[in-house]
Amino acid sequence: ICQYSLDIDRWNLECEFNNTDHRTDLNGIDRLIVRRGQPFSISLYLRSGSYQPGVSSLDFVAETGPQPSEQYGTRASFGLSASIDTSCWSAAVTSPPGDMVALSICSAPDAPIGRYTLTLGHSARIEFILLFNPWCPGDAVYMDNKENLAEYVLAQDGIIFRGAYKHPIPTPWNFGQFESGILDVCLRILDMNPKYLKNPGKDCSGRRNPIYVSRVLSAMVNCNDDKGVLLGKWTGDYEGGVSPMLWRGSVEILRNWDTQACQPVRYGQCWVFAAVACSVSRALGIPCRLVTNYLSAHDTNSNLVIERYVNENGELVQSKEMIWNYHCWVENWMTRPDLKPDFNGWQAYDPTPQEKSEGVYCCGPTPVRAIKEGELTFKYDAPFVFAEVNADVITFMKKKDGSTSKVSSNALVGQKISTKSVGSDAREDITHLYKYPEGSAEEREAFKKADHQNKLLQQQQNQGLHLNIKVTSDMRKGCDFDVFAVVTNNTQSEKKCRLLFGSCALSYNGFMGGNCGFKDLLNVELSPGGERKVPLRLNYSKYGGQITEDNLIRLAALLLDYTTGDTTLAVRNVVLDNPEIKVRVTSSESDHNFWPVSEQILGEPKENRKLNCCFSIEGANLTGGGIITERLGPVGPGEDAKVKIYFTPTHSGLRKLVVDFDSNKLCHVKGYRNVIIGK
């Protein structure tokens, strides 16, 4: 039978239908954005003739990248089939014979993601964007739980846990992966990575693989080796940029990088790096969540040991190996065909520049299961992540004569590993995914695999003299308060000791600042079984000028047993609460849809003083990816500051959030929302 090629006059990409069906409509419906391994529909209108089954033919060529090739998988040629085959590039006609042809087209579930051109016959050429598809069973990022998909792919807002492991503090974040233009920025990040610039054909081919894409993102979210997104800064002022503490979302960061010719945005710290990586992963279609590891070890020499030093006053000496008060990274969901089947699922990767991997500041992805099992030979960077949650801490005292001696201490690493719960703002503890219960046979087996000899040989805690630090529940910035060193004598004899109890300011990543209070007791006597509780007063007049925006103070107590010469160290980090500022949202409607409303205190917060406030309001697909801010005058104790917020419809069908800080102007507006910020 002689076949005739269809004579195409025009076409309709059915963007609204396709984007909605592929769950990309929040990116907009003005262009075609689809997910791989899932059919999409286009309508063809013929210039002459009509479609006849078995007689009409149409050839297709799908191409991505500047050097498309079938060898690299960046070019695919196919024709019309009787039906769609979702395992490869295919096309089929779904309409009856006539001059309008409804086509169903499907990409391969392992096709490289990115910008595509699709040539139909000799005259038609369309463009579209192809993303990962976690709803497709054939895709490496497939996730079969509807609630998890809503959280880890579609949710544009989330919670980042900061603070301290005994006092986790939730921080809201606007990921904004569907905001206007953000997908284009994410694709530009891929195109600016050094591997693409060196060999674009090979790099575009690698984009079929979420392992490869995650590793690229790990390097590109920081700017240490490339034209990456963020410049990190952990010390000093933030002149020439924005303090990491002030970012509330990823959208402004990504847009700034894009509009400033890919110059790095200043400045980021770990939670900002991780949040931006989460936004990009979700935008590209990879399920992603942000994780916080409290008391996170930074092992610089890969021996799974953090060597910590104190001077003879018990003051910690700064070193390259540190225990961060917390550290954030991200997990992407995918299969690992390069490893054993048991290691599919969550893969940890870290965009914060800490140590080089294969010559580049990146880390991961490595299976979370591999960390738990001690499988440190698995790609990528498993030893570094294993150390973050499992490293042993050995403390030495540096004496004035240059000698050192070992100090007994009970330091914790890898506590309360946390992420936002699915469908709620509650904290989900996922420590059990990274490590077995302490002291269990499974933990010991994991340490054997990891050759973690220090943990295997670790002696039980000294049962003679026991030292720990206790604090009160009410430690507010701006107030004076007591902390306590508690010494217990578990021996049958009297003990005479020296106790040094000090404090210093601390940044969340372990850098220590100035002294906040110190006490040296030369003669602490303890009867058998006795206990001594020694207070240390921390006065705001002293610590207020030392602490950073992290509100952290490190407490350290050093106990010297005169009888045996043994020394024992106890360390605890405390986070101070800011004076309470209540935020409540009331609505004139019944559906109670809430959005993040945050306030920034201008100046030092103190109780029972007037405050200058700055309202910052940001909402996904409501504020255009920007932040609405307004400074208000002094608000006294117990007084209210009020702001009215209302919605206006836009041409795209979405609602735009509009704020006016003069409530008298909005009395005539229907459907406004009233936001009252308490004292």
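Is Cys88 buried, partly exposed or exposed? Cys88 counts as partly exposed, because its relative accessibility is 30%. That value, like every other one here, comes from a predicted model.

**Cys88 and its surroundings**

Cys88 sits in a loop, with β7 (75–81) on one side and β8 (90–93) on the other. Leaving out residues up to four places away in sequence, Cys88 touches Cys106, Ser107, Ala108 and Pro109. Ala76 lies 12 residues from Cys88 along the chain, and the C-alpha atoms of the two are separated by 9.4 Å.

**The chain as a whole**

The chain holds 679 residues, and buried residues make up 53% of them. Its secondary structure consists of 14 helices and 41 strands. Take the contacts between residues at least 6 apart in sequence: 65% of them join residues at least 24 apart.

**Two helices that cross**

Now turn to a helix pair. Two packed helices are described by the angle between their axes and the distance between the axes. Helix α3 covers residues 182–191, and helix α8 covers residues 270–284. They pack at an angle of about 100°, and their axes are 10 Å apart. Angles of 65 to 115 degrees count as roughly perpendicular, so α3 is roughly perpendicular to α8.

Which residues of α3 and α8 meet? From α3 come Leu183, Cys186, Leu187, Ile189 and Leu190. From α8 come Val280, Ala283 and Leu284. The contact is made of eight nonpolar residues, with no polar and no charged ones.

**The nonpolar cores**

Leu284 appears again in the largest nonpolar core, which has 65 residues. Leu284, Trp173, Leu230, Ile253 and Trp271 are the members that touch the most other members. Several elements give two or more residues to this core, among them the helices α3, α6 (210–220), α7 (251–259) and α8. Strands also contribute, including β11 (124–131), β12 (157–164), β16 (288–298) and β19 (322–334). Which element gives the most? The answer is α8, with 12 residues.

Leu284 has contacts beyond its neighbours within four places in sequence. In α3, Leu284 meets Leu183, Cys186, Leu187 and Leu190. Its other contacts include Ile113, Leu131, Phe132, Val213 and Leu217. A second, separate core has 32 residues, including Cys363, Val368, Val413 and Ile430.

**A buried serine**

Ser104 belongs to strand β9 (residues 100–106). Is Ser104 buried or exposed? Ser104 counts as buried because its relative accessibility is 11%, and buried means under 20%. Not counting residues up to four places away in sequence, Ser104 touches Pro39, Phe40, Ile84, Ser90, Ala91, Ala92 and Thr94.

**Cysteines without disulfides**

A disulfide is a covalent bond between the sulfur atoms of two cysteines. How many disulfides are there? The count is zero. Cys288 shows the reasoning. Its closest cysteine sulfur belongs to Cys278, at 3.7 Å, so the pair is too far apart for a bond. The cut-off is that the two sulfur atoms must be within 2.5 Å. Cys288 counts as buried, at 0% relative accessibility. Cys204 also counts as buried, at 4% relative accessibility.

**Backbone exceptions**

Most residues other than glycine have a negative phi, and most peptide bonds are trans. Some places in this chain depart from that pattern. The table gives their angles.

| Place | Feature | Angle |
|---|---|---|
| Arg266 to Tyr267 | cis peptide bond | omega near 10° |
| Lys379 to Tyr380 | cis peptide bond | omega near -5° |
| Arg23 | positive phi | phi near 60° |
| Asn551 | positive phi | phi about 60° |

Where do these residues sit? Tyr267 is in strand β15 (residues 265–268). Tyr380 lies in the loop between α9 (368–373) and α10 (382–390). Arg23 is in the loop between α1 (15–21) and β3 (33–35). Asn551 is in the loop between α14 (540–543) and β33 (552–561).

Neither Arg23 nor Asn551 is a glycine. Arg23 is partly exposed, with a relative accessible area of 34%. Asn551 is buried, with a relative accessible area of 5%.

Notes
Residues numbered from 1 in each chain as written. Predicted model: local features only at pLDDT ≥ 70, side-chain atom pairs only at ≥ 80, totals over all residues. Heavy atoms only, no water. Axes fitted to C-alpha atoms, helices over the stretch in contact; angles between N-to-C directions. Helix = DSSP H or I, 4+ residues; strand = E, 2+ residues; numbered from the N terminus. Parallel < 35°, antiparallel > 145°, perpendicular 65-115°, else oblique. Contact = heavy atoms within 4.5 Å. Nonpolar A, V, L, I, M, F, W, Y, C, P; charged D, E, K, R; others polar. Buried < 20%, exposed > 50% of the residue type's maximum accessible area, 1.4 Å probe, protein only. Core = buried A, V, L, I, M, F, W, Y, C linked by side-chain atoms within 4.5 Å.
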